[in-house]
Amino acid sequence: MKKKRLIWQLFPTYLLVTLLALATVTVSYSREMKKFYLDHTAAELTSRAHLILPQLKSLMVAQDYNTVNKTVNTQAKYAATRITVILPSGVVVGDSDESPVQMDNHANRPEIARALKGSIGNSIRYSRTLQKNMMYVAVPVTIEKRITGVIRTSVPVSDIDRKLGDMRLRIILAVLVISILIAGISLYFSRRISRPIEELEAGAQQFAQGNLEHSLAMPDSAELAGLAEAMNEMAAELDWKVKTAFAQRNEIRTILASMVEGVIALNPNDRIINMNQAAADILEVPLPKEERRNLQEIIRHTAVEKLIRDSRTNNEPTSCDIVYNKSSEKTLHVRCAPLKDADETRIGTLLVIDDVTKLRQLENVRQDFAANVSHEIKTPLTAIKGFVETLKHHDIKDTAEQDRFLNIIDRHVIRLTNIIEDLMKLSVIEQDAMEKEIDFQAVRLIDVLQSAVDIYQNAAEERDITIVLTCDSDITIQADPSLLEQAAGNLLDNAIKYSEPGSEVILATSVTDTEVSINFQDHGIGIMKKHLPRVFERFYRVDKARSRQLGGTGLGLAIVKHITQTHGGHVSVESVVNKGTTFSIHLPLVAAKEEKSEA
Ligand code: ADP
């Protein structure tokens, strides 16, 4: 229902009350006026009767009724009043308006009857003689305490009515003018009361629309000014609270957005209250746009559901690793904790998700590595120990046999030394990379590659292998030359080791928009496809016996991969069995370009 405006409630009420009061005053005033006027007329008529009383009294004593009638007529003209003289018998002996002879007996007229009893009679009634309403006043004429007649004065009521009508008209006109004035004043005061309230209402609406910086103007009245002040204070307080809440929400959002861990906050019905971008990225789902989506609409995972159930039942944090399959298989560490408010009341559940795929893989690699290291070291040690025991406890006279045993021991010692050296190289590279102690400097790529070729030239010649190096002499890169030379050396060593005698090993470079590739191509035994993804792992060998026979440690490619990664690059391999293999080191071009501009 549409509500009436305050002014249209105040104004008509004011007007009605005032008009009612005015009407009451007017009606009672009119009545009083009428009464006053009638009383006044009656008094006037009485005094007129008394004025002519002495004159008529003597005529009546003389019973000169003719003169009485004449006198009455004369006096009536002056006084503008009808005058009638009546004898105690009711016979009219004088009248100013009518011939007394024609008038009937007046003894029963109420005013006459009263006057005949000695008091002043007074009545308003219809005059049969004049045929109109008249006001009569009858005064007794007393001679020596005996009523000898009655003098009656009268005026037509219509005269009184006309005069009263005139007065009423004036009163009505005055009331009308006053009413208009009152209406104007009422409207003015109603507006004075309603306008500040309307202004407060408009201000309150501004607050409701969120414009809390708006300030209400101070109305004149103390009560409304107090209200406006209270509302301004309330808005300022609200504004501060809203801003604080916004700032806190933004802080939380920023913190959540910058977190690496995925965070999902759930309400007691497992509907999402908050979810950060990391969670969406880890779970490979879009960040929910609508509020309060059910978690199951986003991910359906029995292990996660169980974790939430357990946390709810025990009301304490729980965690576990789950396998999550989307674009690839991932290991996620999910921690689930009760979400509590300031009163420690549970208001939901908090999930913190970590993608630990790499970590777990690394842990596995490290475990494998530890097992491999001990195995790789134990094998030559067992052999050395066996041959040393044999030499010690068996009396071997044959020097050739002794030499053979000692050579075997020597080979195993060399192998052990090589393994330990390679392990140390790996560890040093790791350490330096971590401590950022790699000696990066501008180097001409051709110089690094040439010095690696020089080191392995003899080994190549021994196996009748030709090394062909093609490299643009302009290519300068930012690198640690000794590390890069070591990586190139390892790849050249393998290329020579696993090539057929008489073949070529081609060392060539290629430059694209983004990187410099150094390719080591041989025409040797090649590697089967299934081994390719694993050849860079530590101690991984395609053919263990052959590798050992050739003095390999199984760590050469791992060192190459590590050195390349330390330089911000990556390694790759392509191979066809019995045709040959190409290992490549890819280094980002940024380093090379920067170096060129500096040079
Ligand atoms: P290793 O010391 O045994 O050579 P690497 O880490 O250098 O260890 O190499 C790992 C394995 O990869 C080798 O055992 C070998 O089987 C294979 N491999 C490396 N380079 C070549 C190559 N150029 N041609 C064929 N096989 C290779």
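**Entry 1: Tyr188 and its patch**

I started with Tyr188 and found it in helix 4. This is a predicted model, so every value I jot down is computed from it. Is Tyr188 buried or exposed? Neither, quite: its relative accessible area is 48%, and because exposed means over 50%, Tyr188 ends up as partly exposed.

Next I looked up which patch Tyr188 belongs to. It is one of the residues in a nonpolar patch on the surface, along with Tyr14, Val177, Leu181, Ile185, Phe189, Ile193 and Ile197. Together they have about 710 Å² of accessible area. Which element gives the most to this patch? I noted helix 4, residues 157–208, with seven residues.

**Entry 2: helix 11**

I moved on to helix 11, which runs over residues 445–462 and has 18 residues. From first C-alpha to last it reaches 26 Å, close to the 26 Å expected at 1.5 Å a residue. Still, I found a kink of about 45 degrees in helix 11, and Tyr456 is at its centre.

Tyr456 also turned up among the buried residues of helix 11. The others on that list are Leu445, Ile446, Val448, Leu449, Ala452, Val453 and Ala460. What do these buried residues pack against? I wrote down strand 11 (441–444), strand 12 (466–470), strand 13 (476–479), helix 12 (481–497), strand 14 (504–511) and strand 15 (515–521). Just past the end of helix 11, I spotted Asp464 with a positive phi of about 60 degrees.

**Entry 3: salt bridges**

How many salt bridges does the structure hold? I got 27, and I checked a few of them.

Lys243 pairs with Asp239, with the closest N and O atoms 3.1 Å apart. Both sit in helix 5 (residues 222–258), four residues apart, which is about one turn of the helix. Lys243 is partly exposed at 43% relative accessible area, while Asp239 is buried at 14%.

Arg109 bridges to Asp104, again with 3.1 Å between the closest N and O atoms. Arg109 has 8% relative accessibility, so it counts as buried. Asp104 is partly exposed, at 39%.

Lys340 and Glu344 form another salt bridge, at 3.9 Å from N to O. I noted Lys340 as partly exposed at 35%. Glu344 comes out at 56%, which is over 50%, so it counts as exposed.

Last thing: I looked for bridges that share partners, and found Asp104, Arg109 and Arg128 joined into one network.

Definitions and conventions
Residues are numbered from 1 along each chain as its sequence is written. This is a predicted model: local features need pLDDT of at least 70, side-chain atom pairs count only at pLDDT 80 or more; totals for chains, interfaces and linings use all residues. Side-chain values use heavy atoms; hydrogens and water are left out. Patches are made of residues with over 30% relative accessible area and no salt bridge: like charges are joined within 9 Å, nonpolar side chains (Val, Leu, Ile, Met, Phe, Trp, Tyr) within 5 Å. Accessible areas come from the Shrake-Rupley method with a 1.4 Å probe; for residues, only the protein chains shown count as cover. A salt bridge is a side-chain nitrogen of Lys or Arg within 4 Å of a carboxyl oxygen of Asp or Glu. Helices (H or I, at least four residues) and strands (E, at least two) are DSSP runs, numbered from the N terminus. Buried means under 20% relative accessible area, exposed over 50%, partly exposed in between (1.4 Å probe, protein chains only). The expected span of a helix is 1.5 Å times one less than its number of residues. The bend at a residue is the angle between axes fitted to the seven residues ending there and the seven starting there. Contact means heavy atoms within 4.5 Å.
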